[in-house]
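Work through these exercises with the structure open beside you. Try each task before you read its solution.

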Amino acid sequence: MKEGSWKARFDVVAVLCGIGFAAVGSTGVAIAIIPHALAPFEVDGTGVAIGLIVSAFNFGQLVGGPPVRLAMQHAGLAPLLGVGLTIMLMSAVLMAVAPPLGAAAAERAWATVGLLRSARFAIGIGTVCATNAAMVIMLGSVTSGHGAVMALLELCTGLGSTLGPIIAAGVFTFAGASAAFLVSAVFIVLNMPAPRA
């Protein structure tokens, strides 16, 4: 294998593709499960609440983009990748605990909406951190075959958007909304790079 080819640096390519799978898969999980998670709370304006929650991911990416680009210059890529994945994981766990935490609040419905919206916003920021860092790391270590890498990334994001809702819906059927939201956490953990010795 030629040094610098995407096949020689498949470890780096796999991290990038895994992040794409996890980020898009978590959106699929959210879209499939949020209506069910809100159903017990009888939220006034459920459609608006769902839209606010789902769009928070994109808003997090929009707001997080400029600071992340500055952080890449000052903090370094590996720490930013770790921070991004950690934010994504913590956000996925927050989504899982939002329905029970929201049920304990006085304004149960909107407390749950607020927690889910906060988690989706944070996972958007985490995705910007992780994706940008992984992409720059890949570009710095893979000197040829960028088209093949992008095709693999698109394949993995497509798999995430296809499998995320299906797996989450199956888990929801047997274990409820909180367990289904944990599917995102599992996606993220499975795609975290192994620490180097």
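The exercises below concern a predicted model.

**Exercise 1. Helix against helix**

Task: Describe how helix α1 and helix α6 are placed relative to each other, and list the residues that make the contact.

Solution:
- Start with the general point. Two packed helices are described by the angle between their axes and the distance between the axes.
- Locate the helices. Helix α1 covers residues 10-38 and helix α6 covers residues 177-190.
- Take the two values. The axes come within 9 Å and cross at roughly 175°.
- Apply the cut-off. Angles over 145 degrees count as roughly antiparallel, so α1 is roughly antiparallel to α6.
- Now list the contact. From α1 come Phe 21, Ala 22, Gly 25, Ser 26, Val 29, Ala 30, Ile 33, Ile 34 and Ala 37. From α6 come Ala 177, Ala 180, Phe 181, Val 183, Ser 184, Phe 187 and Ile 188.

**Exercise 2. Val 183 in helix α6**

Task: Is Val 183 buried or exposed? Which residues does Val 183 touch, leaving out those up to four places away in sequence?

Solution:
- Place the residue. Val 183 belongs to helix α6.
- Check the area. Its relative accessible area is 7%. Buried means under 20%, so Val 183 is buried.
- Find its partners. Beyond four places in sequence, Val 183 touches Val 29, Ile 167, Ala 168 and Val 171.
- Link back. Val 29 is one of the α1 residues in the contact with α6.
- Compare sequence and space. Val 183 and Asn 58 are 125 residues apart in sequence, and their C-alpha atoms are 20 Å apart.

**Exercise 3. Two buried residues**

Task: Give the helix, the burial and the contacts of Gly 126, then do likewise for Ser 91.

Solution:
- Gly 126 sits in helix α4, residues 108-141. Its relative accessible area is 0%, so Gly 126 is buried.
- Leaving out residues up to four places away, Gly 126 touches Gly 84, Ile 87 and Met 88.
- Gly 126 lies 25 residues from Leu 101 in sequence and 22 Å from Leu 101 in space, C-alpha to C-alpha.
- Ser 91 sits in helix α3, residues 77-104. At 4% relative accessible area, Ser 91 is buried.
- With the four-place rule again, Ser 91 touches Ala 119, Ala 122 and Ile 123.

**Exercise 4. Two partly exposed residues of α4**

Task: Which residues do Thr 131 and Asn 132 touch, not counting those up to four places away in sequence?

Solution:
- Thr 131 lies in α4, and so does Asn 132.
- Partly exposed means between 20% and 50%. Thr 131 has 28%, so Thr 131 is partly exposed. Asn 132 has 22%, so Asn 132 is partly exposed.
- Thr 131 touches Leu 16 and Ile 19.
- Asn 132 touches Val 68, Arg 69, Met 72 and Thr 127.
- Add the distances, C-alpha to C-alpha. Thr 131 and Leu 155 are 24 residues apart in sequence and 15 Å apart in space. Asn 132 and Gly 114 are 18 residues apart in sequence and 27 Å apart in space.

**Exercise 5. A surface patch**

Task: Which residues form the nonpolar patch on the surface, and where is Leu 159 found?

Solution:
- Name the members. They are Leu 155, Leu 159, Leu 163, Ile 166 and Ile 167.
- Give the area. Together they have about 420 Å² of accessible area.
- Place Leu 159. Leu 159 is in helix α5, residues 146-175.
- Check the cut-off. Patch residues need over 30% relative accessible area. Leu 159 has 38%, and is partly exposed.

Technical notes:
Residues numbered from 1 in each chain as written. Predicted model: local features only at pLDDT ≥ 70, side-chain atom pairs only at ≥ 80, totals over all residues. Heavy atoms only, no water. Patch = residues over 30% accessible without salt bridge, like charges linked within 9 Å, V, L, I, M, F, W, Y side chains within 5 Å. Areas by Shrake-Rupley, 256 points an atom, 1.4 Å probe, with all protein chains shown as cover. Salt bridge = Lys/Arg side-chain N within 4 Å of Asp/Glu carboxyl O. Helix = DSSP H or I, 4+ residues; strand = E, 2+ residues; numbered from the N terminus. Buried < 20%, exposed > 50% of the residue type's maximum accessible area, 1.4 Å probe, protein only. Axes fitted to C-alpha atoms, helices over the stretch in contact; angles between N-to-C directions. Parallel < 35°, antiparallel > 145°, perpendicular 65-115°, else oblique. Contact = heavy atoms within 4.5 Å.
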